[in-house]
Amino acid sequence: MATVTEVAALTVVYAVFIRVLFYKDLSFKSFLRSCAESASASAVVLILIQFSSALSWLLTIQEAPQRLAQGMLNSFDSRELIILALILLLIVTGMFIDIAPAILLLTPVLMPLAKAIDMNLIHLGLIMVVVLAVGLYTPPVGTTLYISAGIGRVPTMEVVRELFPFYGLMVIMIILTAYFPHLLFIPTG
């Protein structure tokens, strides 16, 4: 009955209502302070998305992804090496561009590459989502990384240090997703 954004707004109104009427611990001053902190956190996210969208636009105009895909096909003769190059491309892209603009930018380019190496398009989509999701937690543009650091009020690099074991697990997940699609019940061709 409502979109995700509308539900989020209703949840905020509900939370304020509960705090004011039932808990009676939300003063107008603390409400304004919470609004300012929320606006500050949102501004960081919006700026990161803005810059990653601008970078996506610039790369699209320069036709960099198309040239890169053609170069990958010309450079590698093994399907496994092309998949590895694809993963590296997605990791670097995810480090600088947010996941949604990266998917919009790279999907039309990588689909012909996937077809050329006889990769199932669902498999390609899973690889893209899994690898680009790692970019949400890696500097310099890791949106979720900066949000987490802001919420915890800790330096970003401290969060990165704590994430190192999880980066290892992410690498294992990427390898399993890319090279063992049968584990995910995806046909290989």
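Let me begin at the surface of this predicted model, where I122, L126, F166, L169, V171, I172, M173, I175, L176, F180, L183 and L184 form a nonpolar patch with about 1,100 Å² of accessible area together. Two elements, helix 6 (121-135) and helix 8 (156-179), give two or more residues each to that patch, and helix 8 gives the most, with seven residues. I122, one of the patch residues, lies in helix 6, and because its relative accessible area is 58%, I122 counts as exposed.

In soluble globular proteins, nonpolar side chains tend to be buried together. Turning to the inside, the largest nonpolar core has 32 residues, of which L86, L90, L110, M119 and I127 touch the most other members. Helix 4 (79-96), helix 5 (99-116), helix 6, helix 7 (143-152) and helix 8 each supply at least two residues of this core. If we take L90 and leave aside its neighbours within four places in sequence, we find L90 in contact with L106, L110, I127, M128, V131 and L132.

Finally, the aromatic rings, where the count comes to two pairs. F17 and F22 form an edge-to-face pair, at 6.4 Å centre to centre and with 80° between the planes; F17 is partly exposed at 44% relative accessible area, while F22 is exposed at 59%. In the other pair, the rings of F164 and Y167 have centres 5.8 Å apart and planes at 85°, so this pair is edge-to-face too. Both F164 and Y167 lie in helix 8, three residues apart, which is about one turn of the helix. And which of these two is buried, and which exposed? F164 is exposed, with 52% relative accessibility, whereas Y167 is buried, with 15%.

Methods: Residues are numbered from 1 along each chain as its sequence is written. This is a predicted model: local features need pLDDT of at least 70, side-chain atom pairs count only at pLDDT 80 or more; totals for chains, interfaces and linings use all residues. Side-chain values use heavy atoms; hydrogens and water are left out. Patches are made of residues with over 30% relative accessible area and no salt bridge: like charges are joined within 9 Å, nonpolar side chains (Val, Leu, Ile, Met, Phe, Trp, Tyr) within 5 Å. Accessible areas come from the Shrake-Rupley method with a 1.4 Å probe; for residues, only the protein chains shown count as cover. A salt bridge is a side-chain nitrogen of Lys or Arg within 4 Å of a carboxyl oxygen of Asp or Glu. Helices (H or I, at least four residues) and strands (E, at least two) are DSSP runs, numbered from the N terminus. Buried means under 20% relative accessible area, exposed over 50%, partly exposed in between (1.4 Å probe, protein chains only). A nonpolar core is a set of buried Ala, Val, Leu, Ile, Met, Phe, Trp, Tyr and Cys residues joined through side-chain atoms within 4.5 Å. Contact means heavy atoms within 4.5 Å. Rings of Phe, Tyr and Trp (its six-membered ring) pair if their centres lie within 6.5 Å; planes under 30 degrees apart count as stacked, over 60 as edge-to-face and the rest as tilted.
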